[in-house]
Amino acid sequence: MARLGFPTGLLCAFCLCLPALAEDLPDLKRGDVIFQNSRSAQSLAILMATDSPYTHVGIVDFDDSGNPVVLEAVKTTRATPLADWIDQGMGGDVAVYRMEGLGEDQALAVTDAARSHFGKGYDPYFYQSEDT
């Protein structure tokens, strides 16, 4: 079984690792972390470097209508409707993790911080800068 390099304290409250449709997922909460295998050209490198079964991650949030979206970094950082995000992955397999004890205010701070990077480009070399 592969290790997941999560920060201490990130505990699995529920995990769905089967092909899934957005409507089949358990009740999602703002701040849940969702994983999948992407179809990107760098997926193999990510698998090898991280020893993780997943190659793409996002943070669950909700749009103004209350529909679930995934905050993600791809060509630009953005919000992608959950169903579209699942369809973009391989085989519809996703895993959802929830930080134990994460309050609504904390979850909102996480998603606000992620949204502050919207529109920035994705750097496939993972260099830190103000633009990525």
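Reader: How many helices and strands are there in the chain, and what pattern does the chain follow along the sequence?

Author: The chain of this predicted model has three helices and five strands. Along the sequence the pattern is β-α-β-β-β-α-β-α.

Reader: What makes β4 and β5 the edges of the sheet?

Author: The five strands form an open sheet in the order β4-β3-β2-β1-β5, and the pairing is antiparallel. β4 (77-81) and β5 (94-97) each have a single partner strand, so one side of each has no neighbour in the sheet. On average, neighbouring strands of this sheet are turned by 30° against each other, direction ignored.

Reader: How do you know that β2 and β3 are paired?

Author: Two strands count as paired when there are at least two bridges between them. Strand β2 (residues 56-62) and strand β3 (residues 68-73) are joined by four bridges, so the criterion of at least two is met. The two strands run antiparallel. One residue pair can be named: Ile59 has Leu71 in β3 as its bridge partner.

Reader: Which strands does helix α3 lie across, and at what angle to β2 does it run?

Author: Helix α3 (residues 104-115) lies across β2, β3 and β4. The angle to β2 is about 115°.

Reader: Why is Leu47 called partly exposed?

Author: Buried means under 20% relative accessible area and exposed means over 50%, with partly exposed in between. Leu47 has 31%, so it counts as partly exposed. This residue is found in helix α1 (residues 43-50).

Reader: What makes Leu47 eligible for a nonpolar surface patch?

Author: A patch residue needs over 30% relative accessible area, and Leu47 has 31%. Leu44, Leu47 and Met48 make the patch, which covers about 320 Å².

Reader: Why is the contact between Arg30 and Asp61 called a salt bridge?

Author: The cut-off is 4 Å between a side-chain nitrogen of Lys or Arg and a carboxyl oxygen of Asp or Glu. The closest N and O atoms of Arg30 and Asp61 are 2.7 Å apart, and the pair forms a salt bridge. Arg30 lies in the segment before β1 (33-36) and Asp61 in strand β2, 31 residues apart, so distant parts of the chain are linked.

Reader: Are the two partners, Arg30 and Asp61, buried or partly exposed?

Author: Asp61 has a relative accessible area of 3%, so it is buried. Arg30 has 22%, so it is partly exposed.

Reader: Which residue in helix α3 forms a salt bridge with Arg30?

Author: Glu104 forms a salt bridge with Arg30, with the closest N and O atoms 2.7 Å apart. This pair also links distant parts of the chain: Arg30 in the segment before β1 and Glu104 in helix α3, 74 residues apart. Glu104 has a relative accessible area of 49%, so it is partly exposed.

Reader: Where in the chain do Arg98 and Asp32 lie?

Author: Arg98 forms a salt bridge with Asp32, the closest N and O atoms being 2.7 Å apart. Arg98 is in the loop between β5 and α3, and Asp32 is in the segment before β1, 66 residues apart. Both residues are buried.

Reader: What makes Arg30, Asp61, Glu104 and Arg115 one network?

Author: Salt bridges that share partners join these four residues, Arg30, Asp61, Glu104 and Arg115. The whole structure has five salt bridges.

Methods: Residues numbered from 1 in each chain as written. Predicted model: local features only at pLDDT ≥ 70, side-chain atom pairs only at ≥ 80, totals over all residues. Heavy atoms only, no water. Axes fitted to C-alpha atoms, helices over the stretch in contact; angles between N-to-C directions. Contact = heavy atoms within 4.5 Å. Patch = residues over 30% accessible without salt bridge, like charges linked within 9 Å, V, L, I, M, F, W, Y side chains within 5 Å. Areas by Shrake-Rupley, 256 points an atom, 1.4 Å probe, with all protein chains shown as cover. Buried < 20%, exposed > 50% of the residue type's maximum accessible area, 1.4 Å probe, protein only.
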